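Please consider the structure shown below. The paragraphs after it lead from the overall make-up of the chain to particular contacts.

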Amino acid sequence: MENQRKQFALSLIAYASQREISAHALCKNANIDLTAIKLRKEYIIAEQQMDDLWQAACRLGNDPLFGLHFGESLRLPALGVVGEIIKSSQTVGQALEIAASLTNMVTDLFTMKVTRNRKAIVVELVPTILKASDFTMRQMTDLLMVFVIHELDGLLLEKITPTSVYFPYSIPDEKEYTRVLRCKPLKRKDRLAIHFEAKLWEEPILSSNYELQEFLLQTVNGNGDEHGSPRFMDRIHDYVMRNAYLGIPSLEDVASNFNVTPRSLQRRLQEEGATYQQVSDAVRKSLALQYIRAGDYPIKEISLMLGYNELSAFSRAFKRWTGKAPTNFVA
């Protein structure tokens, strides 16, 4: 479990860096050697260090819902679950069952139980380490709950809305939980579960989508400490790129993930001479060119992946970017 804990810690630190939280300050607060965790394969992260890492991330990021927003930003490749769910599954039901068996690759705090009946698919989180701090448990709970929902998006390449979400305690910010979980959270004693429509169980998954997610992650420039502090514009660009496998994220969703208001995000971009529309348009252009050069996707599919409901709208945008129609473009 030590390797998984280290991988998870690295993902958390990387996400915190996107949020303008100093990786050095974060690791110092958690008594973690930043250089060693990057370079030494045998470096071990203790349970107390993970707890301190969560605490520091919430405090330095001024975001008590850090786990919720972290989960919203995560993708399977980022957690090191190297496509096993996609490779071994043909339907949503099979994918959920395999995901449940791989939960220990993400955390040792929970197991996942998946059941179904005529009305619903039920994904239940069951705590396994009762001695873990309440703070860490809640952050990890939020992360896993939203991660399940957003990864179903990736399996089907469409946004999935749960029929209900249950927590065994009161939620601190119902509006934000409802936005991220796409469903008003309900309180029920000893119940930590997400319900989906039963018909999703036999829904075929898109087996190529893991490669698409991995491609997007590899496309990002990877600005980090070794290159100096990246501009805010670059961090927004990289975040949008990482999450563009289901269309371009909205301004509101991006702002929530960076713990700022949409107005503040726009203002900060304007200080660097850009707007969110320009950043998202640059991502669309970059991906459109790479998808066409790859030669693996029909033009209509590229149009849908980039969030265009009409092929004609994508064709007009592509001609504005390159001076040519996508069907006539030669790399």
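The account that follows moves from the whole chain to its cores, its aromatic rings and a few loop residues.

The model is a predicted one, in which local features need pLDDT of at least 70 and side-chain atom pairs count only at pLDDT 80 or more, while totals for chains, interfaces and linings use all residues. Residues are numbered from 1 along each chain as its sequence is written, and side-chain values use heavy atoms, with hydrogens and water left out.

The protein chain contains 16 helices and five strands; helices (H or I, at least four residues) and strands (E, at least two) are DSSP runs, numbered from the N terminus. Of its 331 residues, 52% count as buried, where buried means under 20% relative accessible area, exposed over 50% and partly exposed in between, with a 1.4 Å probe and protein chains only. Among contacts in the protein chain with a separation of 6 or more, 66% join residues 24 or more positions apart; a contact means heavy atoms within 4.5 Å.

In soluble globular proteins, nonpolar side chains tend to be buried together. A nonpolar core is a set of buried Ala, Val, Leu, Ile, Met, Phe, Trp, Tyr and Cys residues joined through side-chain atoms within 4.5 Å. The largest one here has 71 residues, and Phe-66 and Phe-196 touch the most other members. Helix 8 supplies the largest share of this core, 12 residues. Apart from it lies another core, of 32 residues, including Tyr-239 and Leu-251. Leaving aside residues up to four places away in sequence, Phe-196 touches ten residues' worth of neighbours listed in part here: among them are Lys-119, Ile-121, Ile-149, Leu-152 and Pro-162.Helix 8 (residues 134-156) also meets helix 9: their axes come within 10 Å and cross at roughly 35°. Such axes are lines fitted to C-alpha atoms, for helices over the stretch in contact, and angles run from 0 to 180 degrees between N-to-C directions. Met-145 and Ile-149 are among the residues that helix 8 brings to this contact, and Tyr-177 is one of those from helix 9.

Tyr-177 leads on to the aromatic rings, of which a search of the whole structure finds 15 pairs. The rings of Phe-167 and Tyr-177 are edge-to-face because their planes stand at 90°, with centres 5.8 Å apart. Rings of Phe, Tyr and Trp (its six-membered ring) pair if their centres lie within 6.5 Å; planes under 30 degrees apart count as stacked, over 60 as edge-to-face and the rest as tilted. Phe-167 belongs to strand 3 (residues 164-167) and Tyr-177 to helix 9 (residues 174-181), and both residues are buried. Elsewhere, ring pairs join Phe-8, Tyr-15, Trp-54, Phe-66 and Phe-70 into a cluster.

Charges also sit over rings, that is, NZ of Lys or CZ of Arg is within 6 Å of the ring centre and within 35 degrees of the ring normal. Arg-138 lies over the face of Tyr-169, 3.7 Å from the ring centre, and the charged end of Arg-188 is 4.2 Å from the centre of the ring of Tyr-166.

Lastly, two loop residues have a positive phi without being glycine: Asn-31, near 55°, and Asn-259, about 60°. Asn-31 is found between helix 2 and helix 3 and counts as exposed because its relative accessibility is 62%. Asn-259 lies between helix 12 and helix 13 and, at 31%, counts as partly exposed.
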